[in-house]
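Reader: Could you walk me through this protein model, please? I am new to reading structures, so I will probably stop you often.

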Amino acid sequence: MKMYIVDAFTDKLFTGNPAAVCFDDHFPADETMQKIAAENRFSETAFAVAKGNNEYNLRWFTPGGEIDLCGHATLATGYLFFRFLQPAAKRVVFNTMSGQLIVKKVDGRYQMDFPSYQLKPVPVTAKMTQALGVKPVAAYMDRDLLCVLPTADDVKNCLPDKKQLQQLPGLLQSITAASDDPQYDCVSRSFAPKLAVAEDPVCGSAHCQIVPYWAKRLGKQSITAFQASARTGVLYCQDCGERIKLAGDATLYSSGQLYL
């Protein structure tokens with residue numbers, strides 16, 4: 001099985017979010033895909049199976065289990081499609097647990113069309129403050145928990161307690177604040193200890209919740225988001241109501257063969 005490693009949401013190696021992408025003519029057994037993801041130890045490993053006419057079935061596995069939506073591994077798969085498989089194509093369609101996801105090349109970047117998460121306000125609790133080490137000013141739920149922190153420095157310097165994060169609601173727990181850098185609208189970080197991922201370096205799906213928040217808060221449709229993990233990454237986003245457009249760069253780290 002062919003496998004690539006791509007750094008997504010960046011144009012520089014060793015930054016952004018590394019994703020492994022496997023192409024085959026059928027999906028391996030679920031147990032095998034889970035073992036590959038655990039062996040890779042990236043936040044996600046994607047598995048793509050061609051259907052024809054620039055359409056693929058796509059699944060994502062974390063070291064801790066399959067996930068229903070992943071941005072950076074989708075971007076990485078789209079990048080590989082345009083680079084190696086169909087350079088002249090205008091778009092590629094991925095059939096996933098979250099419906100059809102379309103990736104296009106737009107202004108030199110790879111743009112994805114994703115569902116928008118809802119912003120359901122929930123009370124800020126003492127457990128949130130204890131887990132994050134700082135009291136959020138607001139909190140919202142959908143698939144994930146989103147906590148809004150007072151300042152960008154609070155996001156950048158956050159040292160969450162991973163065990164306490166696991167006790168909070170949400171599949172992932174993300175934190176965000178207004179950016180202190182005029183290049184960006186917001187700054188964020190995402191944690192997924194429930195999926196055996198301490199911190200997701202650049203989380204596309206988390207921005208399906210982060211972008212609607214800042215679009216409403218700032219009164220603008222286009223949001224440039226900075227993910228302040230140790231690797232860092234940048235997402236160019238548009239709030240389109242029930243859908244979110246997430247764009248970014250990608251760069252190839254390696255390609256190889258799995259012997260299964």
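Author: Let us begin with a term: strands here are DSSP runs of E with at least two residues, and they are numbered from the N terminus. With that in hand, Ala196 can be placed in the loop between strand S13 (186–192) and S14. Please keep in mind throughout that this is a predicted model.

Reader: Okay, and what is the phi of Ala196 like?

Author: Ala196 has a positive phi of about 65 degrees, although this residue is not a glycine. That deserves a remark because most residues other than glycine have a negative phi.

Reader: Is Ala196 buried or exposed?

Author: Ala196 counts as exposed, since its relative accessibility is 52% and the cut-off for that class is over 50%.

Reader: Which residue other than glycine also has a positive phi, near 55 degrees?

Author: That is Asn53, whose phi is near 55 degrees. Asn53 is found in the loop between strand S3 (45–50) and strand S4 (55–62), and at 79% relative accessibility it counts as exposed.

Reader: Changing topic: how many salt bridges does the count come to?

Author: The count comes to twelve salt bridges. One of them is between the side chains of Glu55 and Lys51, with 3.7 Å from N to O.

Reader: Where do Glu55 and Lys51 sit, buried or exposed?

Author: Glu55 is partly exposed at 21% relative accessibility, whereas Lys51 is exposed at 52%.

Reader: What about a salt bridge with buried residues?

Author: Asp144 forms a salt bridge with Arg143, and their closest N and O atoms are 2.9 Å apart. Asp144 is buried, with a relative accessible area of 0%, and Arg143 also counts as buried, at 14%.

Reader: And which residues are joined into one network by salt bridges that share partners?

Author: Asp30, Arg59 and Glu66 are joined into one network in that way. Within this network, the side chains of Glu66 and Arg59 meet in a salt bridge of 2.8 Å, N to O. Arg59 counts as buried at 18% relative accessibility, because buried means under 20%, while Glu66 is partly exposed at 30%.

Reader: Moving inside, how many cavities of 30 Å³ or more does a search of the whole structure find?

Author: The search finds one cavity of 30 Å³ or more, and about 70 Å³ of space lies in the largest cavity. As background, rolling a probe the size of a water molecule over the atoms shows where empty space is left.

Reader: What lines the largest cavity?

Author: The largest cavity is lined by 17 residues, and those nearest its centre are Glu44, Ile67, Leu172, Asp200 and Cys203. By class, the lining has eight nonpolar, six polar and three charged residues. Helix H2 (71–85) and strand S14 (197–200) each supply at least two residues of that lining. Strand S14 was mentioned earlier, as one end of the loop that holds Ala196.

Reader: Last one, back on the outside: which residues make a nonpolar surface patch?

Author: Leu13, Phe14 and Tyr253 make a nonpolar surface patch of about 330 Å². Leu13 is found in the loop between strand S1 (2–8) and strand S2 (17–24). Leu13 is partly exposed, with a relative accessible area of 36%, and it can therefore meet the patch requirement of over 30%.

Notes: Residues numbered from 1 in each chain as written. Predicted model: local features only at pLDDT ≥ 70, side-chain atom pairs only at ≥ 80, totals over all residues. Heavy atoms only, no water. Patch = residues over 30% accessible without salt bridge, like charges linked within 9 Å, V, L, I, M, F, W, Y side chains within 5 Å. Areas by Shrake-Rupley, 256 points an atom, 1.4 Å probe, with all protein chains shown as cover. Salt bridge = Lys/Arg side-chain N within 4 Å of Asp/Glu carboxyl O. Helix = DSSP H or I, 4+ residues; strand = E, 2+ residues; numbered from the N terminus. Buried < 20%, exposed > 50% of the residue type's maximum accessible area, 1.4 Å probe, protein only. 1 Å grid on protein atoms, 1.4 Å probe; cavity = no way out; pocket = protein on both sides within 12 Å on 5 of 7 lines; lining within 4 Å. Points joined across faces, edges and corners; volume = space filled by probe spheres on them. Nonpolar A, V, L, I, M, F, W, Y, C, P; charged D, E, K, R; others polar.
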